[in-house]
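Open the structure in your viewer and keep the selection tool ready. We will take the tour one stop at a time.

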Amino acid sequence: TTSKPAPAPKPWIEAIHAYVPGKSAGADGRPLIKLSANENPLGTSEAALAARLQTVPPSLYPDPDSRALREAIAARHGLEAARVVMGTGSDEILNLAAQGYAGPGDEVIYVRYGFAVYDIAARRCGATPVVAPDADYGTDVDALLGLVTEKTRVVFLANPNNPTGSYLPKGEIARLHAALPSDVLLVIDQAYGEYVPAEDEDGAFALAATHENVLVTRTFSKIFGLAGERVGWGTGAPAIIDTLNRIRGPFNVSVTAQASALAALGDTAFIERSYTHNLEERARFVGKLEALGNHGLRPLPSQANFVLVLFEGALSAEAAYNGLAERGYIVRWLPGQGLPQALRFTIGKRVDMDAMADALAEMAEAAG
Ligand code: PMP
C-alpha cells in the first residue's frame with residue numbers, strides 16, 4: 001500500500017504553544033474555589049441575567065453589527081459608534097489586529113510577562129514575535145522602543161498588564177505612542193480598564209480618537225461578569241475598524257451575548273459594587289501578605305482584579321500552589337510564562353481572600 005501524505009499545517013502554526021487556561025478543578029475532580037481566571041467573584045448583574053433570557057429565538061441569527069450594543073458602549077465612553085468593533089471576547093479583536101496588520105516577515109512586539117494571547121496572535125498569522133525585556137515586572141518603554149525596526153507592524157501592550165498587574169501612567173503611554181512610527185499599530189489592551197480609578201486614566205481612548213494607529217480593546221469578561229458569553233470590543237480610527245470588520249466572523253457576537261452585555265452596561269450599581277469590592281479586598285489581601293514581611297512574599301503593585309505574588313523566601317510558589325489546592329483554592333501558577341516563582345491571585349470574596357492569606361502565613365511559617 002502506498003502511504004499518501006497527510007495535510008501539513010503551516011510551519012509557523014506548528015510553532016505555536018496552545019493557550020493553557022487556569023485549572024478549575026483539583027486532581028481528583030473535586031470542585032475548587034476558582035481564583036485563577038480573573039473572573040468577577042460577585043457573579044453577573046441580575047439585569048444581565050434577566051435580559052439574557054428574554055432574547056429572540058435561537059433559530060434567528062444575531063444582529064451582525066451589534067448595533068444597539070455598540071451605541072451603548074459609545075455613549076458610555078463618549079466615542080463614536082462607527083469607531084467601535086465587536087468581538088467574540090477581546091481575544092478575537094487582538095487576533096484580528098495581528099491578522100489585519102502583520103504577516104510573514106513582519107514583527108510584533110510585546111513585553112515579557114505580557115498576556116499569553118499576544119504570542120499566539122502574532123504567530124498564527126506568520127509574523128515573528130519580539131519580546132521586550134521588562135523593568136521589575138513592568139513595562140520598560142525605552143527597552144520596547146529599542147526593538148522597533150522597519151519590520152515592526154504591531155505593538156501589544158496590556159494596561160493594566162496581565163499577569164503582573166503593572167500599569168503605565170498616561171505620560172508613559174503618550175511617550176510610547178509619540179516615539180512609534182506612524183505605520184505601527186499600537187494596541188492598548190484594557191481588559192482590566194474598568195478597575196483603574198478615574199484619576200489614573202491612561203489616555204488611551206483619547207489617543208485612539210485622534211490618531212490613525214491606535215486600537216484600544218476592552219472586554220465584558222471581567223468587571224461585567226460575562227466571561228462565559230464571550231464579548232469584547234475595540235475602538236480606533238475608521239480605517240482600523242473597517243479592516244477588522246472585514247475579517248471578523250459576520251455573526252461573531254451571539255444573541256444572548258449582545259443582550260446580556262447591553263443590560264450589564266446599564267447596571268451601574270453592579271459595576272460600582274464590583275469596583276469597590278475589588279479595591280477594598282485587593283488592599284486588604286496585599287496588606288495581610290505585606291504583614292508577613294520576612295517570609296519573602298512580595299505582592300506586586302496591581303491596578304487590576306488580581307495580584308501577582310513573588311515567592312522569594314523558603315516557601316516556593318509551587319509548594320504554596322499545592323498547599324492552597326489542598327485547602328480548596330485554585331490560583332494561577334505560571335511556570336510556562338517564565339514565572340515559576342510567582343502565583344497570581346484573582347481577588348475573590350473576602351472569606352476566601354482571608355482564608356488564603358491565613359494559609360499562606362501558616363505555610364510560610366512552617367517553611368521557616
Ligand atoms: N487581555 C488581557 C490582558 C486578558 O487578561 C484577557 C483575559 N484573560 C483578555 C485580553 C481576553 O479576555 P476576553 O477574550 O475574555 O475578552
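## Stop 1: the ligand

Select the ligand together with the shell of residues around it: by class, this shell has seven polar, four nonpolar and two charged residues. In total, 13 residues surround the ligand, and the closest are G89, S90, D91, T219 and S221. Now colour helix α4, residues 89–101. This helix supplies three residues, the largest share of the shell around the ligand.

## Stop 2: how confident is the model?

Before moving on, remember that you are looking at a predicted model. Try colouring by pLDDT: the mean for the protein is 95, and 98% of its residues reach 70 or more. The model also scores pTM 0.96 and ipTM 0.99. As a general habit, where pLDDT is low, the predicted coordinates should not be read in detail.

## Stop 3: two domains

Next, give each domain its own colour. According to the domain assignment, domain 1 covers 11–43 + 269–367, and domain 2 covers 46–267. Their C-alpha centres lie 25 Å apart.

How many residues of domain 1 are in contact with domain 2? Select them and you will have 31 residues, in contact with 26 residues of domain 2. On the domain 1 side, α1 (11–14), α11 (268–291), β12, β14 and β15 each supply at least two residues. The most comes from α11, with six residues. Colour this side of domain 1 by class and you will find 18 nonpolar, 10 polar and three charged residues.

## Stop 4: a sheet of four strands

Stay with the strands now. An open sheet is formed by four strands in the order β11-β12-β15-β14, with antiparallel pairing. Which strands stand at the edges? Select 297–299 for β11 and 332–334 for β14: each has a single partner strand, so one side of each is left without a neighbour in the sheet. If you rotate the view, look for the twist: neighbouring strands of this sheet are turned by 30 degrees against each other on average, direction ignored.

Zoom in on β11 and β12 (residues 306–311), which run antiparallel and are joined by three bridges. To see one pair of bridge partners, select R298 and then L310 in β12. In general, strands of a sheet pair through backbone hydrogen bonds.

## Stop 5: the helix across the sheet

Finally, select residues 317–326, which make up helix α12. What does this helix lie across? Add β12, β14 and β15 (339–346) to the view: α12 lies across these strands, running at about 35 degrees to β15.

Methods: Residues are numbered from 1 along each chain as its sequence is written. This is a predicted model: local features need pLDDT of at least 70, side-chain atom pairs count only at pLDDT 80 or more; totals for chains, interfaces and linings use all residues. Two strands pair if DSSP finds at least two bridges between them. Axes are lines fitted to C-alpha atoms, for helices over the stretch in contact, and angles run from 0 to 180 degrees between N-to-C directions. Two residues are in contact if their C-beta atoms, placed from the backbone, lie within 7 Å. Domain bounds come from an automatic or database domain assignment. Ala, Val, Leu, Ile, Met, Phe, Trp, Tyr, Cys and Pro count as nonpolar, Asp, Glu, Lys and Arg as charged, and the others, Gly among them, as polar. pLDDT is the predictor's confidence in each residue, from 0 to 100. A residue is near a molecule or strand if its C-beta atom, placed from the backbone, lies within 6 Å of it.
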